[in-house]
2 protein chains.
Amino acid sequence: MLHAVIMAGGAGTRFWPESRVARPKQLLPILGGRPLVAETAARLAPLVPPERTWIVTGREQAEGIRAACPEVPVERLLLEPCGRNTAPCAGLAAAVIATEDPEAVLIVLPADHSVRPREEFQRALRAAAAAAAEPGALVTFGIPPTRPATGYGYIRRGEELPPLEGLRRARVAAFTEKPDAERAAAMIAAGDHLWNSGIFAWRADTLLEAIDRHLPDLGAALAELAAAWRRGTAAFTAALDRLYPGLGSVPVDVGVMEKADSGAVVLETPFHWSDIGSWQALHEELERDSDDNAAVFPAGGDLLTLDAGGNLVWSAEPRLVALLGVEDLVVVHTGDALLVAARDRAEEVKRIVERLRAEGRTELL
Amino acid sequence: MLHAVIMAGGAGTRFWPESRVARPKQLLPILGGRPLVAETAARLAPLVPPERTWIVTGREQAEGIRAACPEVPVERLLLEPCGRNTAPCAGLAAAVIATEDPEAVLIVLPADHSVRPREEFQRALRAAAAAAAEPGALVTFGIPPTRPATGYGYIRRGEELPPLEGLRRARVAAFTEKPDAERAAAMIAAGDHLWNSGIFAWRADTLLEAIDRHLPDLGAALAELAAAWRRGTAAFTAALDRLYPGLGSVPVDVGVMEKADSGAVVLETPFHWSDIGSWQALHEELERDSDDNAAVFPAGGDLLTLDAGGNLVWSAEPRLVALLGVEDLVVVHTGDALLVAARDRAEEVKRIVERLRAEGRTELL
């Protein structure tokens, strides 16, 4: 059966002041609709119904996730006692799901990305499920790049494989970490690179075998955790508390995919995709007016501009926001804080969060 | 006796969204302390005690003025049914006060200016009172200019008169309306011009005689209003309703002072003065940090800056405001609206108010 594993950990400081420790990006209605995690879960249906949708998250976020995704059964929430990056997260889900469904094929995806249109994503899901069913296949979704982005990892296409659902498929020749501008331009020019979306598909047993080979400590812990899962919630929670903090913090791309040699397969998925990594990136994701201004408000709020362009306004409360003669700003208004930043420096909001942490102003974190 | 007449009419759209129709600039604690009208009244004591302090304002502002200046007796509030600029305003006060104190000398001043230090203002008050006691004298306070401002009117000094309290005094050679930049520079270079502060001193009877001569219609109306004042509050209010709307809207400088020939006297008052005509001007009035940022907050609010300079932040609510990589902005945060403007375009906030009025959004006016 096809299951989905939504990776919904991570506090996320890049959307401060809207994002907070207890209100991370995946719980924010950042695109103006539902919380991102709810959008992500909804995008999976009908191929993956809620009862086969698993969400891995931190314990402090469990309540928020349940409120955002009430249709997902509570026993499908896997609560990490601490964050250990995506290899333990994906491994934990695979180990647990394999105890219930040894033939399970998993779609593993972050909770907080923007993907559209839904139909294209569904087509990619079908293709990925078929690709992952093949023995030893570790499938990654590669996005045809539209610009020489330096904020994403890249995948170089290797030997071409037969397409599925009309989507190109190839072995992975190489993974590349976030490049500098020159290298990014060269990869775009070469035409054989795709963005690494962080969305994967594999059989649970295929991933667990790869983990056993390349990350044997993690593999041993996962075997214990699977055994504990079979003994019930209390045993599982106790095992998580005992084992999880000792795991290495490793991304699944680096720890498993890059070492998988011929097993790593990239599926070219030509839907629109963004990891919405900053307020700047959100500006690109939203609808904009003729002056390139984007705004997100609850009902009753709105934007009035006079000679203002290229701005992003985000308000958690219904307000009139008036912009006069200003360009390329990010303006974020929440119940207790207001951020005004140059849009091209929006990645640096984490510096503000660091400053607040250093000053012990936990009420604003 | 020396009386003061505080001119506190005017809605003021230049401090939107903090200023509103029912909360005009003079009622705002715009310098971070008390409402401006309260600062103005306090600056007069002990030379002019509250029982000789008169405040002329609009009826819709009466409640706000009383709350801001509880020490001023309610019978000292003169409530205009509509605004008719400063000649009717100053004339009304003179006519009423003369019925109670025929020898009255008046200091007439706007409610919403910034003046400091208080000691220098008091010295100017004493000098002005002495100057105004002379027959036929219509005294105006002239501020030594510190820059070629185009937003102020100017006064050219004529024949020198003996100083008072150590302050230079001269006949007025000419009044000049707000000049263009070239003309302003020329006046500064000539060294014989002062800024027209809009603060005046005269005997009530001297002003009324000048009005009778130069604005006879106003003079006739003021005679009727004085008679009505003697008959009591109801008669006075009825007379105001009947006569005031028909009066011409004339500034006292233009309608009286400019025509006063040798009677117009300028006292050089070397205190710091600003009419705080915009958010931009307020930025200059406030204390600023080493990066030229100024901020006004209620208790519990504060400003955090990262590579941000030349900004003015005004918040009506306790918030953290974080500025990242932005320069020369005005950020104004109130309960229902947020303004972000280029500081050098702050005068144009009235365009926003006009737009809101055109859209019928009276709740924001």
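# Notebook: strands, symmetry and interface of a predicted two-chain model

I began in chain B and looked up the bridge partner of B:Val5, which turned out to be B:Trp54 in strand E2(B). I keep in mind throughout that this is a predicted model.

**Entry 1, the strands around E2(B).** I followed the chain onward from there and found that it crosses from E1(B) through H1(B) to E2(B), in a β-α-β crossover that is right-handed. The two strands, E1(B) and E2(B), run parallel and are joined by four bridges. I then asked which strand pairs with E2(B) over four further bridges in the parallel sense, and I noted strand E3 of chain B, residues 77-80. Here B:Val56 has B:Leu78 in E3(B) as its bridge partner. Helix H2 of chain B, residues 62-68, sits between these strands in the chain path, and E2(B), H2(B) and E3(B) form a right-handed β-α-β unit.

I also checked how covered strand E2(B), residues 53-58, is, and six of its six residues are buried. One side carries B:Thr53, B:Ile55 and B:Thr57, the other carries B:Trp54, B:Val56 and B:Gly58, and the residues of both faces are all buried.

**Entry 2, B:Trp16.** I looked for this tryptophan and found it in the loop between strand E1 (2-7) and helix H1 (36-44) of chain B. Is B:Trp16 buried or exposed? I count it as buried, because it has 22 C-beta neighbours inside 10 Å, and the cut-off for a buried residue is 20 or more. Setting aside the neighbours within four places in sequence, I listed B:Val349, B:Ile352 and B:Val353 as its contacts.

**Entry 3, a hairpin in chain A.** I turned to chain A, where strand E7 (residues 154-164) and strand E8 (residues 167-176) pair in the antiparallel sense over seven bridges. In this pairing A:Glu160 has A:Ala170 of E8(A) as its bridge partner. The hairpin has two residues between the strands, and A:Glu165 takes a positive phi near 55 degrees there. I saw that E8(A) also pairs with strand E10 (residues 264-268) of chain A, again in the antiparallel sense, over three bridges. A:Ala170 appears once more in that pairing, with A:Val266 in E10(A) as its bridge partner.

**Entry 4, backbone details.** I checked the peptide bond from A:Arg116 to A:Pro117 and found it cis, with omega near -5 degrees. A:Pro117 lies in the loop between strand E5 (114-116) and helix H4 (118-132) of chain A. In chain B, the peptide bond from B:Arg116 to B:Pro117 is cis as well, with omega near -5 degrees.

I also noted A:Asp328, which is not a glycine and yet has a positive phi of about 55 degrees. This residue is in the loop between E15 and E16 of chain A, and I record it as partly exposed because it has 18 C-beta neighbours inside 10 Å. In chain B, I found a positive phi near 65 degrees at B:Asn85, another residue other than glycine. B:Asn85 lies in the loop between E3 and helix H3 (86-100) of chain B, and with 19 other C-beta atoms within 10 Å it is partly exposed.

**Entry 5, the two domains of chain A.** The domain assignment gives domain 1 (2-274) and domain 2 (279-364) for chain A. I noted that their centres, taken over C-alpha atoms, are separated by 29 Å. The contact between them takes eleven residues from domain 1 and 18 residues from domain 2.

**Entry 6, where the chains meet.** I found 27 residues of chain A in contact with 27 residues of chain B. Among the elements of chain A that each supply at least two residues to this side are strand E15 (320-324), strand E17 (337-342) and helix H11 (349-358). E17(A) gives the most, with six residues. By class, I noted 19 nonpolar, two polar and six charged residues on the side of chain A that touches chain B.

Strands also pair across the chains, since five bridges join E15(A) to strand E17 of chain B, and the two run parallel. A:Leu324 stands opposite B:Ala341 in E17(B).

Finally, I looked up how the copies are related, and a rotation of 180 degrees with 0.0 Å of shift along its axis superposes chain A on chain B, with an RMSD of 0.1 Å. This is the relation of a two-fold axis. Of the residues of chain A, A:Val340 comes closest to the rotation axis, at 4.2 Å for its C-alpha. I also noted that 100% of the interface residues of chain A are interface residues in chain B too, so the copies meet through the same surface.

How values were computed. Residues are numbered from 1 along each chain as its sequence is written. Chains are lettered from A and ligands numbered from 1 in the order in which they are written. This is a predicted model: local features need pLDDT of at least 70, side-chain atom pairs count only at pLDDT 80 or more; totals for chains, interfaces and linings use all residues. Two residues are in contact if their C-beta atoms, placed from the backbone, lie within 7 Å. Ala, Val, Leu, Ile, Met, Phe, Trp, Tyr, Cys and Pro count as nonpolar, Asp, Glu, Lys and Arg as charged, and the others, Gly among them, as polar. Two strands pair if DSSP finds at least two bridges between them. Domain bounds come from an automatic or database domain assignment. Copies are superposed by least squares on the C-alpha atoms of residues with pLDDT of at least 70 in both. A residue is buried if 20 or more other C-beta atoms lie within 10 Å of its own, exposed if 12 or fewer, and partly exposed in between; C-beta atoms are placed from the backbone. A crossover is right-handed if, with the strands pointing away from the viewer, the path from the first strand over the helix to the second runs clockwise.
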